[in-house]
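Have the sequence and the 3D view open side by side as you read. We will begin with one pair of strands, step back to the whole chain, and then visit a few places in turn.

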Amino acid sequence: MLASPSSHSIQLAAIKLTDAEFRQLREFIYAHTGIALSEHKRALVYSRLAKRLRHHKLDCFEDYYRLLTQNDPEGDELVEMINCITTNKTDFFREPHHFRFLAEHVFPQFRARAGASRRLRFWSAGTASGEEAYTLAMVVREAFPLSETWDIRILATDIDTRVLAYAESGEYTIEQASRIPDGLLRRYFYQGEGENAGRVQAKQVLKDLIRFRRLNFMDDPWPMRGLFDVIFCRNVIIYFDRPTQRRLVERFAQLLRPGGYLFLGHSESLIEAGHKLRHMSQSVYQNQERA
Ligand SMILES: C[S@@+](CC[C@H](N)C(=O)[O-])C[C@H]1O[C@@H](n2cnc3c(N)ncnc32)[C@H](O)[C@@H]1O
């Protein structure tokens with residue numbers, strides 16, 4: 001006998017996201033994440049949040065909005081809602097010209113000033129499931145081998161706790177790792193065997209460089225102290241409106257060491273980069289202040 005669908009799934013199919021409900025949720029999401037959802041994102045909001053309604057056995061989005069705004073004292077549902085709404089697409093060696101720019105132009109400068117400081121700080125801001133941070137860790141390790149004494153850290157942050165847990169595990173499928181050049185894959189990842197066949201795991205030599213933390217760009221102030229030599233914030237600000245993008249880039253600029261670099265995604269240009277940042281290469285900007 002075929003299993004009959006649960007009464008709840010029948011009800012769910014009938015749930016509508018009304019104009020007023022969409023507007024409420026959209027404003028709530030904007031206020032808490034900076035993510036600006038246009039009218040054509042209605043289907044996305046519906047499909048991503050429907051599972052939260054199902055989870056709480058709610059029959060309408062208005063009840064879900066009430067739960068978020070009146071019955072979520074610890075903010076647990078807010079975290080779950082944000083985890084559903086973010087888009088986390090990423091890849092190893094995504095936009096590879098950025099990593100070539102680091103190796104060919106940026107790292108030689110860091111080496112040249114090494115007499116002054118052998119301390120380097122990187123930030124992968126909006127790291128998603130960690131591929132960007134592990135890529136940075138590989139190119140950093142290649143350029144500054146363990147045999148040399150450098151004090152290097154990579155901070156990797158995201159608002160989404162689900163992808164961060166994944167990032168921290170350092171485990172990926174062979175398909176996900178397919179853009180890592182063979183030599184680097186062998187050097188920096190364990191190949192899974194037995195029940196882990198088809199999977200790879202980042203070695204400790206990479207993990208030791210990276211700290212994963214939850215950070216919402218809308219928080220003010222941010223908790224980190226000290227300046228960064230390199231900030232990667234790629235394919236993140238496209239989700240924000242112009243005023244939020246501008247504010248965020250200003251905050252990044254304030255956290256860049258003189259001569260430090262900001263890397264954005266390929267479709268993210270800084271028309272109003274501010275007086276400090278100068279365009280150096282495709283979506284690469286340098287803080288022009290002198291030390
Ligand atoms: C498309 S991914 C980009 C991943 C990686 N930087 C890359 O280019 O491959 C965008 C990430 O930005 C994060 N994000 C969105 N809004 C955020 C916010 N307000 N604070 C921090 N991270 C946010 C999302 O959770 C998501 O993982």
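In which sense do strand 8 (residues 256-264) and strand 10 pair, and over how many bridges? The two strands pair in the antiparallel sense, over 3 bridges. To find this pairing in your view, look for Leu262, which stands opposite Tyr285 in strand 10. Please keep in mind that you are looking at a predicted model.

Strand 10 has another partner as well. Strand 9 (residues 277-281) pairs with strand 10 in the antiparallel sense, over 4 bridges. Here Ser281 stands opposite Val284 of strand 10. Strand 9 and strand 10 form a hairpin with 2 residues between the strands, and in this hairpin Ser283 takes a positive phi near 55°.

Now turn to the side chains of strand 10. In a regular strand, side chains alternate between the two faces of the sheet. In strand 10 (residues 284-287), Val284 and Gln286 are on one side, while Tyr285 and Asn287 are on the other. Are these residues buried or exposed? All four are buried, so both faces of strand 10 are covered.

Let us step back to the whole chain. Its secondary structure comes to 11 helices and 10 strands. The C-alpha atoms fill a box of roughly 70 × 55 × 30 Å along the principal axes. Of the 291 residues in the chain, 48% are buried. If you take the contacts between residues at least 6 apart in sequence, 73% of them join residues at least 24 apart.

The chain is divided into two domains: domain 1 spans 7-85 and domain 2 spans 97-287. Their C-alpha centres lie 31 Å apart. Where the domains meet, domain 1 gives 9 residues to the contact and domain 2 gives 11 residues.

Next, find helix 3 (residues 42-56) and helix 4 (residues 61-70). How do these helices pack? Their axes are 10 Å apart and make an angle of about 75°. Angles of 65 to 115 degrees count as roughly perpendicular, and helix 3 and helix 4 are therefore roughly perpendicular to each other. From helix 3, the residues Tyr46, Leu49, Ala50, Arg52, Leu53 and His56 meet Phe61, Tyr64 and Leu67 of helix 4. The residues of this contact divide into 7 nonpolar, 1 polar and 1 charged.

Between helix 3 and helix 4 there is a loop, and Cys60 lies in it. Is Cys60 buried, partly exposed or exposed? Its relative accessible area is 22%. Because buried means under 20% and exposed means over 50%, Cys60 counts as partly exposed. Leaving aside residues up to four places away in sequence, Cys60 touches Ile15, Glu21 and Leu53. Take Glu21 as an example: Cys60 and Glu21 are 39 residues apart in sequence, and 9.1 Å apart in space from C-alpha to C-alpha.

Our last stop is an open sheet of 3 strands. Their order is 3-5-4, and the pairing is antiparallel. The edge strands are strand 3 (171-173) and strand 4 (189-191), each of which pairs on one side only. From one strand to the next, the twist averages 30°. Strand 4 pairs with strand 5 (residues 199-202) in the antiparallel sense, over 3 bridges. As a landmark for this pairing, look for Tyr190, which stands opposite Gln201 in strand 5.

Note on methods
Residues are numbered from 1 along each chain as its sequence is written. This is a predicted model: local features need pLDDT of at least 70, side-chain atom pairs count only at pLDDT 80 or more; totals for chains, interfaces and linings use all residues. Side-chain values use heavy atoms; hydrogens and water are left out. Axes are lines fitted to C-alpha atoms, for helices over the stretch in contact, and angles run from 0 to 180 degrees between N-to-C directions. Angles under 35 degrees count as roughly parallel, over 145 as roughly antiparallel, 65 to 115 as roughly perpendicular and the rest as oblique. Contact means heavy atoms within 4.5 Å. Ala, Val, Leu, Ile, Met, Phe, Trp, Tyr, Cys and Pro count as nonpolar, Asp, Glu, Lys and Arg as charged, and the others, Gly among them, as polar. Two strands pair if DSSP finds at least two bridges between them. Buried means under 20% relative accessible area, exposed over 50%, partly exposed in between (1.4 Å probe, protein chains only). Domain bounds come from an automatic or database domain assignment.
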